[in-house]
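This report goes through selected local features of one protein model with a bound ligand. The structure comes first, and the notes follow it.

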Amino acid sequence: MGPGPGNANPRVLQAQALPLLGHMHPPFFSIMDEIRGGLQYVFQTSSPYTALISGTGHAAMEASVINLCERGELLLVVRHGVWGTRAAEMARRQGVRVEFVEVEPGCVVPIETLKAKLRELRPKMLFTVQGDSSTGVLQPLEGLAETARETGTLLAVDTVCSLGGVPFFFDRWGIDLVYSGAQKCLAAPPGSAPIALSRRAVDAVAARKTPCPSYYLDLSQIGAYWGWFLPETPRPYHHTGMVSTWYGVREALAVVAEQGLPAMWARHKAVDDELWAGLEELGLERFVADDDAFLLTVNTIVVPEGVDAAKLSAHAMQRFSVEISGGLGPLAGKVWRVGIMGYNAQPINVRMVLAAFKEGLEAQGWKKQ
Ligand SMILES: *Cc1c(COP(=O)(O)O)cnc(C)c1O
């Protein structure tokens with residue numbers, strides 16, 4: 001019940017146990033096409049440029065930054081917590097210039113501020129997370145598209161810990177690149193990262209002056225393998241598709257489609273409400289007070305004065321086999337993090353988390369004031 005990986009849906013694990021197909025065999029291409037369709041649904045896009053990156057969320061983060069930005073170009077990064085810092089580090093290693101929009105931990109940036117920054121700096125790309133799992137905030141994204149087109153900026157969004165748990169609309173919000181991770185709200189094992197590009201982003205990759213500095217993460221080649229440029233460009237052997245892992249993602253996307261996104265979002269919200277009703281009864285408080293900035297898939301909970309956060313987490317693991325994570329980066333020791341994600345977003349798990357908090361706080365002699 002931390003910020004991921006969560007438990008995988010057993011259906012996904014079963015799908016991964018099926019016999020292998022060849023990564024260049026037509027039946028496997030059909031499976032890849034179905035995954036592309038499932039990704040169009042989960043990202044809410046009609047763009048045909050969807051695929052899985054063979055790697056975790058970080059691989060997709062790196063692919064985004066190094067395919068859409070070239071040496072000397074400017075990347076504007078919204079830094080809510082650790083993820084903005086990492087994207088910036090990946091960019092800098094390739095000679096991309098970086099500017100930050102800094103945010104206090106637990107806060108988000110108003111759209112108007114982002115628009116003003118785009119007009120001032122006219123960056124090649126804006127990078128932001130939708131959900132920041134290090135601080136527990138949900139960055140609003142709607143309303144940027146028009147300005148981004150004016151300033152020639154590509155909009156890139158990390159939805160690793162939010163996709164499937166809270167609404168996201170690629171087409172409606174005018175996003176140019178989005179990626180996620182398999183192991184959070186999609187309830188598959190880690191190892192593949194869903195990605196989608198707009199036509200504008202695909203054109204930007206094609207218009208590069210220099211080849212992508214990473215062969216493995218070159219989106220023009222990955223896209224060709226996923227059939228983006230058929231029939232003109234046949235599918236090349238770029239790397240061996242992750243056959244079993246992709247069976248699993250196909251099943252995970254089928255689960256999403258069966259449930260329907262609105263029902264998934266409603267389930268995550270209902271289970272999160274139940275979590276907070278219980279936590280508040282115990283006397284615990286939200287780190288993100290503002291409702292408009294609150295991310296319900298990764299909940300940051302303030303560690304009260306006099307309580308040892310790590311000790312409570314250890315107690316939860318020993319007694320309940322339940323993971324309650326600590327803070328990351330500047331919030332280490334200051335918050336706990338509880339994930340309400342995917343297959344684990346069920347009332348029975350919330351009850352276990354609440355029991356672990358209750359017992360853990362009592363064991364340390366802490367009482368609600
Ligand atoms: C978990 C997470 C990542 C990193 O994903 P990995 O699969 O660990 O590489 C990136 N961004 C966000 C917002 C995350 O929550």
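## Backbone, ligand site and packing

P231 sits in the loop that joins α9 to α10 (243-259). The peptide bond leading into this residue, from L230 to P231, is cis, with omega near 0°. The model is a predicted one. A cis peptide bond is also found from G4 to P5, again with omega near 0°. P5 belongs to the segment before α1 (10-16).

Two further loops hold residues with a positive phi that are not glycine. In the loop between α5 (111-121) and β4 (125-129), R122 has a phi near 45°. In the loop between α12 (309-320) and β11 (325-326), S321 has a phi near 50°. S321 counts as exposed because its relative accessibility is 60%, and the threshold for that class is over 50%.

The ligand is surrounded by T56, G57, H58, W83, G131, S133, D158, V160, C161, Q183 and K184. For three of these side chains, the table gives the distance from an N or O atom of the side chain to an oxygen atom of the ligand.

| Side chain | Distance to a ligand oxygen |
|---|---|
| T56 | 2.7 Å |
| H58 | 2.5 Å |
| S133 | 2.5 Å |

Taken alone, the ligand exposes 380 Å², and the protein buries 90% of that area.

The next topic is helix α8. Which residues of α8 (residues 199-206) are buried? They are A201, V202, A204 and V205. Viewed down the axis of α8, these buried residues fall within an arc of 160°, so they line one face of the helix. R199 and A206, on the other side of α8, are exposed. The packing partners of the buried α8 residues are two helices, α3 (57-68) and α9 (219-225), and two strands, β7 (154-158) and β9 (192-197).

The largest nonpolar core has 78 residues. Within this core, the residues that touch the most other members are I35, I53, L75, M125, F168, L197 and W226. Helix α2 (residues 26-43) supplies the largest share of this core, with eight residues. Another core, of 33 residues, lies apart from it and has V271, A293, A316 and I324 among its members.

M125 can be followed further through its contacts. Setting aside neighbours within four places in sequence, M125 is in contact with S64, V65, L68, C69, L74, L75, L76, T153, L154 and A156. One of these contacts, L75, is itself listed with M125 among the residues of the largest core that touch the most other members.

The last site is N344, in the loop between β12 (335-339) and α13 (347-363). Is this residue buried or exposed? N344 is buried, because its relative accessible area is 7%, and the class is set at under 20%. Its side chain makes a polar contact with the side chain of N7, at 3.1 Å. Not counting residues up to four places away in sequence, N344 touches M1, G6, N7 and N349. N7 therefore appears both as a residue that N344 touches and as its polar partner, while N344 itself is buried at 7%.

Technical notes: Residues numbered from 1 in each chain as written. Predicted model: local features only at pLDDT ≥ 70, side-chain atom pairs only at ≥ 80, totals over all residues. Heavy atoms only, no water. Helix = DSSP H or I, 4+ residues; strand = E, 2+ residues; numbered from the N terminus. Buried < 20%, exposed > 50% of the residue type's maximum accessible area, 1.4 Å probe, protein only. Polar contact = N/O pair within 3.5 Å; in protein donor to acceptor, adjacent residues only side chain to side chain. Contact = heavy atoms within 4.5 Å. Arc of directions from axis to C-beta. Core = buried A, V, L, I, M, F, W, Y, C linked by side-chain atoms within 4.5 Å. Near = heavy atom within 4 Å. Areas by Shrake-Rupley, 256 points an atom, 1.4 Å probe, with all protein chains shown as cover.
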